[in-house]
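Grab a pencil and keep the viewer open. Each exercise below sets a task and then walks you through it.

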Amino acid sequence: MSQTYRPNSLDAFWMPFTPNRAFKADPRMIIRAEGMHYFTPDGRAVLDGTAGLWCVAAGHAQPKITEAIQRAAAELDYATNLNMGHPSAFEFANRLADLMPDRLDRIVYTNSGSESADSALKIALAYQRARGKPGKYRLIGRERGYHGVNFGGISVGGIARNRMGFGPMVGGVDHLPHTHDITRNAFTRGQPKHGVEYADALERLVALHDASTIAAVIVEPVAGSAGVLVPPQGYLRRLRELCTKHDILLIFDEVITGFGRLGAPFGSHYFGVKPDLLTMAKAINNATVPMGAVAASREIHDTIIAASDTPIEFFHGYTMSGHPLACAAGLATLEVFREQNLFERAHQLAPYWEDALHSLRSARHVIDVRNLGLIGGIELEPRSGKPTQRALDTFRKCFERGVFIRVTGDIIALSPPLIIEKAQVDQIVETLRDVLKAID
Ligand SMILES: Cc1ncc(COP(=O)(O)O)c(C=O)c1O
């Protein structure tokens, strides 16, 4: 046995986006999950207020999904989709295509949201080249945008900490301003009234760089990781109009807004705005097996395929693209969404969710409450000279009191499974209220 083997040591696992030293000094462990709850080693139930990480939309351990994965593993553990195919990858792509906005029905598989973002950016560049416009190479992201952690994603993304320290990034990138405007929009229910004009910044970037150099704009319909930033009324429509006017592709990163989070299949449906490329991951198979995807418009797909002068039309893909277990889980997940009518359920519950969240307006430390669909954002006044500490304390105390929340900066981001009951909404809100009262 290796000398370094230490049973139960927490040392070897370098944890993602986690204060490793603090966690390992005071770990929070989870060993089981079911429905709306996680369970700790001592058997304590913790209500999941964030669907894992915006991903377990149908709730934990849905039997139909578990069984589908078990069956798939026994039948076909792995097959490449390079020069060979297996039925579930085609079938799942067809089902995903059925869910997409009209003609956004060509599906590229990935294994995560980060890979989906980078794949979408590469498809956008390949499309511009295929149609004879290789000079359209610039990619426009947005301040406070999050598109995962790969180089494309952090380049177009707008979170300083995720970018600094990693070199010069992908070239030819610029950013729109974020839309967060707490002085005008604090405590808005649903989409804020003010801020449609933030989309007009694209005109300035066009004036600066010229549209003939810009390939695509990428935004999250609702920015999640940078703290639940709900788009102002009319903003996404304006952005669509400007992209169309200047012959620029619009990419929606729907990694968190997809699969019913807003009470509609995708944000695109909810806002009535159609992108040219749409990325997804997370809830695609209820987060049971790592998977993501990009939906491309037929026009983009057909142009790239037709322009190719090599047998392989697009030099991109992963060993695990369309993994049999992930596809089987995805097919079962879509059935669960349909059978349990979960998108409609989220839509029905959204007003109750909104009322409950906004009752925190008067809670201690709260400077803003935002919501859309089954998403909630509660912004706390940062502790003087110690940003994020108040939110981290809130997170820890909520966990101790049996509620799992997510914090990003000094913002609490909530996104429960779509199966949540009203009493559980109340439990999240009342726990938060009590914790905020108790902490400094
Ligand atoms: C909008 C968006 N894009 C991309 C990602 C990255 O996904 P992943 O962590 O699966 O790579 C996330 C993750 O939270 C996200 O919210």
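Here are five exercises, each with a worked solution.

Before you start, know that this is a predicted model, where local features need pLDDT of at least 70, side-chain atom pairs count only at pLDDT 80 or more, and totals for chains, interfaces and linings use all residues. Residues are numbered from 1 along each chain as its sequence is written.

**Exercise 1. Find the two domains and describe how domain 1 meets domain 2.**

Step 1: Colour domain 1 (20-58 + 341-438) and domain 2 (66-339); such bounds come from an automatic or database domain assignment. Their C-alpha centres lie 26 Å apart.

Step 2: Look at the contact, which takes 32 residues from domain 1 and 29 residues from domain 2. Here, two residues are in contact if their C-beta atoms, placed from the backbone, lie within 7 Å.

Step 3: On the side of domain 1 that touches domain 2, helix H14 (342-358) gives the largest share, seven residues. Helices (H or I, at least four residues) and strands (E, at least two) are DSSP runs, numbered from the N terminus.

Step 4: Sort that side by class and you get 17 nonpolar, ten polar and five charged residues. Ala, Val, Leu, Ile, Met, Phe, Trp, Tyr, Cys and Pro count as nonpolar, Asp, Glu, Lys and Arg as charged, and the others, Gly among them, as polar.

**Exercise 2. Work out which strands pair with strand E12 (375-380), and whether E12 is buried or exposed.**

Step 1: Start with strand E11 (366-372). E11 and E12 pair in the antiparallel sense over six bridges; a pair needs at least two bridges found by DSSP. Asn-371 stands opposite Gly-376 in E12.

Step 2: Follow the turn. E11 and E12 make a hairpin with two residues between them, and Gly-373 in the turn has a positive phi of about 50 degrees.

Step 3: Now try strand E15 (411-414). E12 and E15 are antiparallel too, over four bridges, with Ile-411 in E15 as the bridge partner of Glu-379.

Step 4: Check burial (20 or more other C-beta atoms within 10 Å of a residue's own means buried, 12 or fewer exposed, in between partly exposed, with C-beta atoms placed from the backbone). Six of the six residues of E12 are buried, so E12 is largely enclosed by the rest of the structure.

Step 5: Ile-375, Gly-377 and Glu-379 point one way, while Gly-376, Ile-378 and Leu-380 point the other way. In a regular strand the side chains alternate between the two faces of the sheet.

**Exercise 3. Which residues touch the most other members of the largest nonpolar core?**

Step 1: Picture the core as buried Ala, Val, Leu, Ile, Met, Phe, Trp, Tyr and Cys residues joined through C-beta atoms within 7 Å.

Step 2: Of its 126 residues, Ala-124 and Val-217 touch the most other members.

Step 3: Not counting residues up to four places away in sequence, Ala-124 touches Ala-215, Ala-216, Leu-249, Ile-251 and Leu-277.

**Exercise 4. Describe the shell around the ligand.**

Step 1: Of the 14 residues around the ligand, Ser-112, Gly-113, Ser-114, Gly-148 and Val-255 come nearest. To be near, a residue's C-beta atom, placed from the backbone, must lie within 6 Å.

Step 2: Helix H5 (residues 113-130) supplies the largest share, three residues. By class, the shell has five nonpolar, seven polar and two charged residues.

**Exercise 5. Where does Arg-401 sit?**

Step 1: Look in the loop between helix H15 (389-400) and E13.

Step 2: Arg-401 has 16 C-beta neighbours inside 10 Å, so it counts as partly exposed. Arg-401 touches Thr-431 and Val-435, not counting residues up to four places away in sequence.
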